Amino acid sequence: VPTLGEQFGVGATVLGNDQLRPESGLALDLGTRGELAPHDEVDLALELTGFLRSATDRIAYERSSFGALRPFNLDSARVLGFEATAAALFFRVLEAGGSLTLTDARDTSESRTTVNDLLPFEARLVATPSLALRLRDLVAQIHWDKAVLRSILIYRAPRTADPAGLIELPSQVLLDVEGSFGFDDGKVELAWRLSNLIGNQTTDLVGYPLPGRAGHISVSSRWP
């Protein structure tokens, strides 16, 4: 069912469409997961998933000449994809992992009038490798119950921004560093994140600019 934002708009940049029809369709997922411990201090895990989405009246977005987005219904669409997630833990200190998503999203409407059949704002490749240190066991002198330092690299392939495929959003590469520290059996936790350290010009999922480098910090406390 269309959301309120899709029906009535969200400000001047995302217009509404009160003529939208609800989506309907079929979704199929098939996955497998395996874990392996080749050594007492090494744990490995791998998860593979394939998915298929077939939708009638799928809601998509198009950009107007004024740069505003407006949702509309496609007669039919098909999304075929594959996702792989891997994780490894070495000596309870070093974590390595990442995910890879391949997506082929197509407009299969018989009434389509453009040569391009790629759905707008759908990246065909997204990869997110990460590396982390578990500092709790590494520095035993500090009495914390949670301590993790992690770096994350995010790559998103170019995307089209209109049904005709004439407007293309560039690929994006982001590097984030984050950490979290907990004390007193989880009653106090400090979390921080430095995003987009390399200062790459980035956009959100539908193409609007996002801030450059940024820092975030939070402190939370819990009582029994």
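**View 1. Arginine 92, out in the open.** At 51% relative accessibility, arginine 92 counts as exposed, and that call holds because the cut-off for exposed is over 50%. This is a predicted model, and in it arginine 92 sits in the loop between β5 (76–90) and β6. The backbone here is worth a look: phi of arginine 92 is near 60°, a positive value in a residue that isn't glycine.

**View 2. Aspartate 57, another positive phi.** Here we're in the loop between β2 (42–56) and β3 (59–63), where aspartate 57 has its place. Although aspartate 57 is not a glycine, its phi is positive, at about 60°. Is aspartate 57 buried or exposed? With 16% relative accessibility, aspartate 57 counts as buried, because buried means under 20%. Its backbone oxygen also has a polar partner, lying 2.8 Å from a polar atom of the asparagine 73 side chain.

**View 3. Asparagine 73 and its side-chain polar contacts.** Strand β4 (residues 69–73) is where you'll find asparagine 73. The residue is buried, with a relative accessible area of 15%. Which backbone atom of arginine 21 lies 2.7 Å from a polar atom of the asparagine 73 side chain? It's the backbone nitrogen of arginine 21. On the aspartate 57 side, the backbone oxygen lies 2.8 Å from a polar side-chain atom of asparagine 73. Skip the neighbours within four places in sequence, and asparagine 73 is in contact with Gln19, Leu20, Arg21, Asp57, Arg58 and Ile59.

**View 4. Glutamate 110, exposed in a loop.** Glutamate 110 belongs to the loop between β6 (94–107) and β7 (125–134). Its relative accessible area is 81%, so it counts as exposed. Now bring aspartate 75 into the frame: the C-alpha atoms of glutamate 110 and aspartate 75 are 7.5 Å apart in space, while the two residues are 35 apart in sequence.

**View 5. Glutamine 172, buried in a strand.** Look for glutamine 172 in strand β11 (residues 172–183). The relative accessible area of glutamine 172 is 4%, so it counts as buried. What surrounds glutamine 172, leaving aside neighbours within four places in sequence? The contacts are Ile154, Tyr155, Arg156, Arg159, Asn200, Thr202 and Thr203.

**View 6. Leucine 135, in a helix.** Helix α2 (residues 135–138) holds leucine 135. Leucine 135 counts as buried, at 16% relative accessibility. Setting aside neighbours within four places in sequence, leucine 135 is in contact with Trp144, Ala147, Leu149 and Phe181. Don't expect glycine 31 in this close-up: its C-alpha is separated from that of leucine 135 by 33 Å, and the two residues are 104 apart along the chain.

**Backdrop. The chain behind the close-ups.** The protein chain has two helices and 13 strands. Its radius of gyration is 22 Å, whereas a compact globule of 224 residues would come in near 17 Å. Along the principal axes, the C-alpha atoms fill a box of roughly 65 × 40 × 40 Å. Of the 224 residues, 32% count as buried. Contacts between residues at least 6 apart in sequence include 54% that join residues at least 24 apart. The chain exposes about 13,700 Å², with 60% of that supplied by carbon and sulfur atoms. As for charge, the mean positions of the 21 positive and 29 negative charges are 3 Å apart.

Note on methods
Residues numbered from 1 in each chain as written. Predicted model: local features only at pLDDT ≥ 70, side-chain atom pairs only at ≥ 80, totals over all residues. Heavy atoms only, no water. Helix = DSSP H or I, 4+ residues; strand = E, 2+ residues; numbered from the N terminus. Rg over C-alpha atoms; globule rule 2.2 N^0.38 Å. Buried < 20%, exposed > 50% of the residue type's maximum accessible area, 1.4 Å probe, protein only. Contact = heavy atoms within 4.5 Å. Areas by Shrake-Rupley, 256 points an atom, 1.4 Å probe, with all protein chains shown as cover. Lys, Arg positive; Asp, Glu negative; His and termini not counted. Charge placed at Lys NZ, Arg CZ, Asp CG, Glu CD. Polar contact = N/O pair within 3.5 Å; in protein donor to acceptor, adjacent residues only side chain to side chain.
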